[in-house]
Amino acid sequence: MKRRDFLKLAGAVSVAGCATATPSKARVVVIGGGFGGATAAKYIRMWDPSIDVALVERDAGFVSCPISNLVLGGFTNMAEISRGYDGLRRHGVQVVRDEAVAIDAAKKTVRLARGGELAYERLIVSPGIDFNFAEVQGYEAAMQDGSVLHAWKAVPQTVALRRQLEEMRDGGLYILSVPLAPYRCPPGPYERASMVAAYFKQAKPRSKVLVLDANPDVTSKGGLFKRAWSDLYQGILEFRGNSRAVAVDGKSRTVKLELEDVKGDVLNVLPPHRAGDIAAKSGLITTNNRWCDVDWRTMESKAVKGVHVLGDATLSAPGMPKSGSMANNHAKIAAAAIVELLNGRAPQPLKIINTCYSFVSPKEGIRVSSVHQWDDGQGTLVPVKGAGGVSAARSEAEGTFAWNWARTIWADSLA
Ligand SMILES: Cc1cc2nc3c(=O)[nH]c(=O)nc-3n(C[C@H](O)[C@H](O)[C@H](O)COP(=O)(O)OP(=O)(O)OC[C@H]3O[C@@H](n4cnc5c(N)ncnc54)[C@H](O)[C@@H]3O)c2cc1C
């Protein structure tokens, strides 16, 4: 790093309350301390401690979406799914609590909301998702007064939605509306429906769950979910495909579909997703005004040189879900590639694995997994034929594996 850049950097970092003593080989800035960004920051420091890493995260701590559906069901609590950033600090990552508001790819700087800039040699952007609220008429107004929630980012709506479920009368209707794929965590809505149904079965047995899915059918682990619903939640949980929400009315608690209106007591509508705002503002979105295409050997953006995009914000490779498991693996591709590039070596493609567990009852889980490897001919990662698959049946053993998976990935990303 040039002395001039270092001074600029030291100035910016002191604004955020951190300091660094020795000029390093290079600086990597990471935007977003979720599954993708936190893992990348940690692994770059582990694989080459001479690289200086600053992580910009707007929230004080990490709250996991995986397992948050159990919070909604009342089967665990927010403390169990929350972690701090001290583990990253122990790896020598400078954690900067701020919001990245602009990227100048020509000057290689990131501007922070509280003032100041961070200079980078390589930038990683893992901002997760934001929503296309305008595609569901009335959504933003209804969300303002709390009459419609998504709870598709773990805080603070998860807590608010749990409260609404607790306050709902017995005999009420909870509506969960699922957008067209791709959205973050394909099996997540069906796990959520199962957890709310399990809560109703225990605490409000006259209440119902209605899943209005814009997709024709359950998009992930369909056979396993439907089996669990018919065995465990007959008369409680109803699934309807081809039911896209086009509008919501908070006052009358109505979800408007293309051909009918459905009234409920608690409305949990997931709006269509896109890459996080900072990706949109920085010219990283390449496809359908929604997603960021990358070179899957390095995670480098196809639109902006020197910027690597991870996690849910990416234009998924074939057969690749948007998951915490994938974001954690994307981070390792990027970390390995950046360490190679900053050391003057050529990055090699990596083979990566996805595993997604879902709870179908408070203790029983189901799983889907897949393996993805680089294909020179297609120029992308493709699923390895015959690898992966789904659980044979739901079981308490899979439920235990799900908790172990979560604790392991939180530690791998953050500790
Ligand atoms: C209910 C639910 C259940 C799920 N269950 C599972 C599961 O069982 N298994 C699984 O693998 N996945 C699961 N997922 C999906 C998983 O949560 C996401 O795929 C994962 O979080 C994506 O990681 P990410 O790094 O792309 O984004 P995130 O983890 O969302 O991280 C993005 C971070 O960037 C920060 N940020 C954004 N913009 C800025 C900015 N401009 N400046 C500073 N900070 C910024 C945000 O505050 C956030 O901390 C689930 C999701 C949901 C909603």
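How far is an oxygen atom of the ligand from a polar backbone atom of S323? The distance is 3.4 Å, and the legends below start from this spot. Please keep in mind that the model is predicted.

**Figure 1. Polar atoms of the protein meet oxygen atoms of the ligand.** Begin with S323, where a polar backbone atom sits 3.4 Å from a ligand oxygen. Of the 1000 Å² that the ligand exposes when taken alone, the protein buries 93%. Next, look for G36: one of its backbone N or O atoms is 2.9 Å from an oxygen atom of the ligand. At E57, the side chain takes part instead, with a polar atom 2.7 Å from a ligand oxygen.

**Figure 2. A shell of residues surrounds the ligand.** Stepping back a little, you can find 35 residues around the ligand. The closest of them are G36, E57, R184, D312 and S325. Sorted by class, the shell holds 14 nonpolar residues, 12 polar ones and nine charged ones. Several elements supply at least two shell residues each: helix 2 (35-47), strand 2 (51-57), helix 3 (68-73), helix 10 (324-342) and strand 23 (352-359). Helix 10 gives the largest share, with three residues. Two of these contributors, strand 2 and strand 23, get views of their own next.

**Figure 3. Strand 2 is a buried strand with a parallel partner.** Here is a good place to practise reading the two faces of a strand. I51, V53, L55 and E57 point one way, while D52, A54 and V56 point the other way. Is each of these residues buried or exposed? All are buried. Because seven of the seven residues of strand 2 are buried, the strand is largely enclosed by the rest of the structure. Now find strand 1 (residues 26-31), which runs parallel to strand 2 and is joined to it by six bridges. One pair to look for is V28 with its bridge partner V53 in strand 2. E57, at one end of this strand, may look familiar: its side chain reaches a ligand oxygen at 2.7 Å.

**Figure 4. Strand 23 and strand 24 are joined by a hairpin.** Follow the chain from strand 23 to strand 24 (residues 365-375), and you will pass through the five residues of the hairpin that joins them. The two strands pair in the antiparallel sense over eight bridges. To see one pairing, look for Y357 and its bridge partner R367 in strand 24. Why is strand 23 described as largely enclosed by the rest of the structure? Six of its eight residues are buried, so the rest of the structure largely encloses it. C356 is found in this strand and is buried, with a relative accessible area of 8%. For a sense of scale, compare C356 with V269: they are 87 residues apart along the chain, and their C-alpha atoms are separated by 22 Å.

**Figure 5. Three strands make an open antiparallel sheet.** Which order do the strands take here? The order is 6-7-8, and the pairing is antiparallel. At the edges are strand 6 (100-104) and strand 8 (117-119), each pairing on one side only. Ignoring direction, neighbouring strands of this sheet are turned by 20° against each other on average. Strand 6 and strand 7 (residues 109-112) share four bridges. A102 is a handy starting point, with R111 of strand 7 as its bridge partner. As a reminder, strands of a sheet pair through backbone hydrogen bonds, either parallel or antiparallel.

How values were computed: Residues numbered from 1 in each chain as written. Predicted model: local features only at pLDDT ≥ 70, side-chain atom pairs only at ≥ 80, totals over all residues. Heavy atoms only, no water. Near = heavy atom within 4 Å. Polar contact = N/O pair within 3.5 Å; in protein donor to acceptor, adjacent residues only side chain to side chain. Areas by Shrake-Rupley, 256 points an atom, 1.4 Å probe, with all protein chains shown as cover. Nonpolar A, V, L, I, M, F, W, Y, C, P; charged D, E, K, R; others polar. Pairing = 2+ DSSP bridges. Axes fitted to C-alpha atoms, helices over the stretch in contact; angles between N-to-C directions. Buried < 20%, exposed > 50% of the residue type's maximum accessible area, 1.4 Å probe, protein only.
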